[in-house]
Amino acid sequence: MTAARTFYVFQGFSRSDAKLLFITSVFPSPAMTLLALSTRSSLLVVRPRAGAACLMHTSTPTHFPKATPSKTHHFQPIPDDVFPRGYLATGLHCGVKKHKNPDQPAPSDLCVILSTTPKTSAAACFTLNSFKAAPVVVSTEVLASTGGRARALVVNSGCANAVTGKQGLQDAWDMVKSTDSLLTASTSTPATSHQTLVMSTGVIGQLLPTSKILTGISNASSSLGSGFSAWEAAARAFMTTDTFPKLRARTFELNGRTVRIAGIDKGAGMIHPKMGPPGPPHATLLGLIATDAAVNPRSLQNALTWAVDRSFNSISVDGDMSTNDTIIAFANGASGMANEIDEHTDPEAFIVFRDELTNFAIDLAKLVVRDGEGATKFVTVTVEGAKTYQDAHRIASTVSTSSLVKCALYGEDANWGRILCAVGYTSPLSTPIDPTAISVSFVPSDGSAHLNLLTKGEPEIVDEDRAKQILEHEEIEIRIQLGLGEERAQYYTCDLSHEYVTINGDYRS
């Protein structure tokens, strides 16, 4: 029979999903007419062309791509008084990103953050990628030349300024010098060295539109502020494929003082950071953590390195390490603390600060995974009973980056053999895996009983319906017990969806 006037509506499609369906002949008949679809992942309407056989009888086939859930609820307003004292922030559009829709505000692509305290400590962890972007090289040099004293950050999004040769380095230095001039204008004490760190994110291999950026930096002074709206504008300027601005702030007690900490990060794809402190051998993930605590540069760097290893170095979206990954920390002492914390002379206070910084960094890092490109699941991989922390961390990383594991999570398929496979090929380890000692379980996010999959090397009779219920949740934990020691580590990852391919198949357009 023919069905030229019959319409079929499918939820959860993107534009490229529709193309993919036709190319791969998921439709039994190629004789379909595309009538309407959303630009991201909302709606697909098709009908058979005139004379084509009607071979489809349902409008909700379960094997078709799922819609990526909204993630905007992860961004909420924050009271102004929670943000650290002594910082000014802004974000604006300078022209790096295209203004594609005249009916919408121009997208922010330039951020400037300044500390108003001359004696501000700075620390950073940078990508270990051999192709370090120009901003990474320049920021490393600034920190080395100042002994860990810097008090400004300038960030552009839309162009990574990576693999751009001598011109890219010059452009990064021009951004530093231009932002330095804002500091000079705000203080009566002239700077004797560069005080600005720089970050860039976007497409690799393209030169920055430097003149637009320098004009934007000059204009930034008119919109600098210290409250939520200013920090929100700064966070939006970090964004590329991010679906929400990643901004957090909180307070804690330190040496009898209430101190404040705020953080911004960005990232949704090209996420598998491996960062270390500046210096040899050391879509990018970018982050800033600013506090009004007083901490000396050496102790701030050691605290940040510890925190990053347990947060940003413990996340993965797609297993790709960027050329630009950078996390920067400022501590300006504007809370009124009498002395800068030193880990040797005041170890107790240092541990408190380090642990607060670590927990805060973990919260920021989780936002990146939750906003993973096309992700429908937030997954915690917990490895316990390892001989060393490094072993536990390496195994958790391997499981988190397994494409087969990530695809099974997207399909809500309890194919736990893929988890064991990833554990088994993890290398190097200080202690070999004992297959007779390992246990694996799914831990649901609703607090209900976990589901054992493997117990001390013996497979359980798995209730597939129960497994399906757990895997339908947006948050899942995979718990692996090695039975070899007392150390544990956690990694945060997401599933691998059709939408991820859609986004990265035409990223430059």
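At what angle do the axes of α6 and helix α7 cross, and within what distance do they come? The close-ups below, all from a predicted model, start with that pair.

**View 1. Helix α6 against helix α7 (residues 347-370).** The two axes cross at roughly 40 degrees and come within 9 Å. That angle makes α6 oblique to α7, since the roughly parallel class is kept for angles under 35 degrees. As for handedness, α6 passes α7 in a right-handed crossing. On the α6 side, look for Ser299, Leu300, Asn302, Ala303, Leu304, Trp306 and Ala307. Facing them from α7 are Phe350, Phe353, Arg354, Asp355, Leu357, Thr358 and Ala361. Sorted by type, the residues of this α6 and α7 contact come out as nine nonpolar, three polar and two charged.

**View 2. Helix α8 (residues 389-401) packing with helix α10 (residues 417-425).** Here the axes sit 9 Å apart, and the packing angle is about 135 degrees. So α8 is oblique to α10; an angle has to be over 145 degrees to count as roughly antiparallel. The crossing of α8 past α10 is right-handed. From α8, the residues to pick out are Ile395, Thr398 and Val399. They meet Ile419, Ala422, Val423 and Tyr425 of α10. By type, the contact of α8 with α10 has six nonpolar residues, one polar and no charged.

**View 3. Threonine 179 and its surroundings in helix α3 (residues 165-186).** Is threonine 179 buried or exposed? Its relative accessibility is 0%, so threonine 179 counts as buried, the cut-off for that label being under 20%. The side chain of threonine 179 reaches back to the backbone oxygen of methionine 175, at 2.9 Å. Setting aside neighbours within four places in sequence, the residues in contact with threonine 179 are Val112, Leu114, Ala152, Val154, Thr196 and Ile217.

**View 4. Methionine 321 in the loop between α6 (297-309) and β13 (326-331).** This one brings us back to α6, the helix that precedes the loop. With a relative accessible area of 28%, methionine 321 is partly exposed, because that class covers the range between under 20% and over 50%. Which distance separates methionine 321 from leucine 285 in space? C-alpha to C-alpha, the two are 8.9 Å apart, while in sequence they are 36 residues apart.

Key. Residues numbered from 1 in each chain as written. Predicted model: local features only at pLDDT ≥ 70, side-chain atom pairs only at ≥ 80, totals over all residues. Heavy atoms only, no water. Axes fitted to C-alpha atoms, helices over the stretch in contact; angles between N-to-C directions. Helix = DSSP H or I, 4+ residues; strand = E, 2+ residues; numbered from the N terminus. Parallel < 35°, antiparallel > 145°, perpendicular 65-115°, else oblique. Left-handed = near helix turned anticlockwise from the far one by under 90°. Contact = heavy atoms within 4.5 Å. Nonpolar A, V, L, I, M, F, W, Y, C, P; charged D, E, K, R; others polar. Buried < 20%, exposed > 50% of the residue type's maximum accessible area, 1.4 Å probe, protein only. Polar contact = N/O pair within 3.5 Å; in protein donor to acceptor, adjacent residues only side chain to side chain.
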